[in-house]
Structure formats: structure tokens, C-alpha cells
Amino acid sequence: MHKKNKIGSKRASLLLLSLNSAVHFRYNTTSFVQRAGDFCWPIRLNTTWTSTSRVECAIRCLQSYKDNCKCFVYSRETSLCTPCSGLTANLTYFTDDGDVYLVDSCSLYPDFSYHNYSSGTATVYAAFYSNNLTYAQAEDTCRCMKAQLFVAKSWEKFLVFASMADSALEYWIGLDDRAQEGNFVWADGQEINSSLESMMFATDQPDNGDYGPENCVYKLKSGADENPVLNDGFCDLHLPYVCEKPQC
């Protein structure tokens, strides 16, 4: 019998599939998927090497870093392979020098943390970002991390959001009336409860402004002892934002 080449055997066990224009890799029990979108970036580990293919890059990443290999960047132009430990929306990690392949797991997103509310009976998994983006850019960034802009469909959840937020900053949340003026809809597609709308918005808001449509909602700055309130504003304002993921 002929013995299989060790590397060849490993390559044979790694499958390449095509689904919705994204490339998937599976090596043993680990699956990688190509990142969709350029609004979040890999947290690189402090090394790089050349690989003849993304397949070889994936294998070496897993062999070298095991569970800490959450993703890798592979450049087809330079053959450089860079392992990484997660994804972030922190702009200091920006990179555009290759394709990014990810292991889809909760540990891939270290920006997110759990916060309890309703006397500990409910939990939200969220990340706050201080870099300023338009509403649409903030939406795209959250989607890049398989998340959405924050949805506060109860007063208790809104208050836990306020307790986590920097009171000196304004934040986009996932609420807008872009589809129909005056009909505010959360990022998950549900309309806001009318009683909550009156509780959450500032006095005389929402008002759609005097100088054009104000269709996107953000939290206003507040004093230390003040309850937070919302305002409708121009969607092309550049503000910090909050992303929320399903709990793992």
C-alpha cells in the first residue's frame, strides 16, 4: 500500500465550498468562512508567513494557534498569511491587504460583553463604539459582526443601555422611520410601542426637524442624574453607536 503524504492528506480533508459568493473551508472540525463586508477587521496575532494557498494558511494557523486561531488574512498577491484572534470594529486594526476568513463563534467577537437587566432575569450582549459613523455605516459595521444596532423594546432594556453608555456621548441605536415618516421601526423589523415612544423620546420629539427629514434615532447627551432620552436626526450625522448580538 502507498502511504499518503502527510500534508496532502491534510489538504484532502479540507473542503472548499461555495455558498452565497462566500468561500467556506472545513478542516477536521473547524470551519472557516470568508468575511462578508469590509466594516470590521481582524485582530492580528504577532506573526506572519508565506503560504502557497489559503488552504495551507488555514492549516498552519490551526496547527500553530489551535483554539486561538479564530481567523486569518490571506493575500493572493503576496502569499502572505496572517493569523488573527478575532474581529473588531476598532479602526486601529484596519487592514485591506488580503481576504479574511473566520471561524464563526462567540469568541470571535471580543468587543461584546453581557449585561444583565430586569433584576438579572434578562441579558443583553452588546458592544459600544466611540468612532463616529453615519447611521448606514453603523448598520453595516454591526452586520459585519453578525449583529444589529441596539434594540431597546422595553423600558428596562433601555435603562440598562443608558447605564452602559457614556452620558457625555450621543449614540445611534437601531430605530428609524426611513421607510415611512412617523412610523418608527426597530432594527429587527418591529414597530416601537407607542407608550415606549413617548417615554423614550425627548420633549417635543420626534419632530422630523425644520430643515429636512430626520429619520434616524440617537441617544442625546445627558447629565449624570438625568434619564437618557432619544432624538430623531439626520441619518448622515457621524455619531458613536451600539451593536447588539444574539446571545451565545
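# A guided tour of the salt bridges and helix α3

Begin by selecting Glu244 and Lys157: these two residues form a salt bridge, and their closest N and O atoms are 2.6 Å apart. Glu244 belongs to strand β16 and Lys157 to helix α4, so the pair ties together parts that are 87 residues apart in sequence. Please note that the model on display is predicted.

Keep Lys157 selected and show its surroundings. Helix α4, in which Lys157 is found, covers residues 155-164. Is Lys157 buried or exposed? Its relative accessible area is 12%, and because buried means under 20%, Lys157 counts as buried. Its partner Glu244 is likewise buried, at 11%. Leaving aside residues up to four places away in sequence, Lys157 touches Tyr117, Val124, Phe150, Val151, Ala152 and Glu244.

Next, display the whole chain. The secondary structure consists of 5 helices and 16 strands. Of the 248 residues, 45% are buried. Among contacts between residues at least 6 apart in sequence, 65% join residues at least 24 apart. The chain exposes about 13100 Å², of which carbon and sulfur atoms supply 48%.

Now select helix α3, residues 135-144. Which of its residues are buried? They are Tyr135, Ala138, Glu139, Thr141, Cys142 and Cys144. To see what these buried residues pack against, add strands β7 (80-88), β10 (122-133), β11 (148-149), β12 (171-176), β14 (216-219) and β16 (239-245).

From α3, select Glu139 together with Arg178. Their side chains meet in a salt bridge of 2.7 Å, N to O. Arg178 lies in the loop between β12 and β13 (185-186) while Glu139 is in helix α3, so this pair ties together parts 39 residues apart in sequence. Glu139 is buried at 13% relative accessibility, whereas Arg178, at 40%, is partly exposed. Add Asp140, Arg143 and Asp176 to the selection: with Glu139 and Arg178, they are linked in a network of salt bridges.

Proceed to Lys146, which follows α3 and has a positive phi, near 55°. What does its side chain meet in a salt bridge? The partner is Asp104, at 3.0 Å, N to O. This pair links distant parts of the chain, 42 residues apart: Lys146 is in the loop between α3 and β11, and Asp104 is in the loop between β8 (99-102) and β9 (113-117). Lys146 is partly exposed, with a relative accessible area of 47%; Asp104 is also partly exposed, at 47%.

To conclude, return to the full view, where a search of the whole structure finds 8 salt bridges.

Key:
Residues are numbered from 1 along each chain as its sequence is written. This is a predicted model: local features need pLDDT of at least 70, side-chain atom pairs count only at pLDDT 80 or more; totals for chains, interfaces and linings use all residues. Side-chain values use heavy atoms; hydrogens and water are left out. Helices (H or I, at least four residues) and strands (E, at least two) are DSSP runs, numbered from the N terminus. Buried means under 20% relative accessible area, exposed over 50%, partly exposed in between (1.4 Å probe, protein chains only). Contact means heavy atoms within 4.5 Å. Accessible areas come from the Shrake-Rupley method with a 1.4 Å probe; for residues, only the protein chains shown count as cover. A salt bridge is a side-chain nitrogen of Lys or Arg within 4 Å of a carboxyl oxygen of Asp or Glu.
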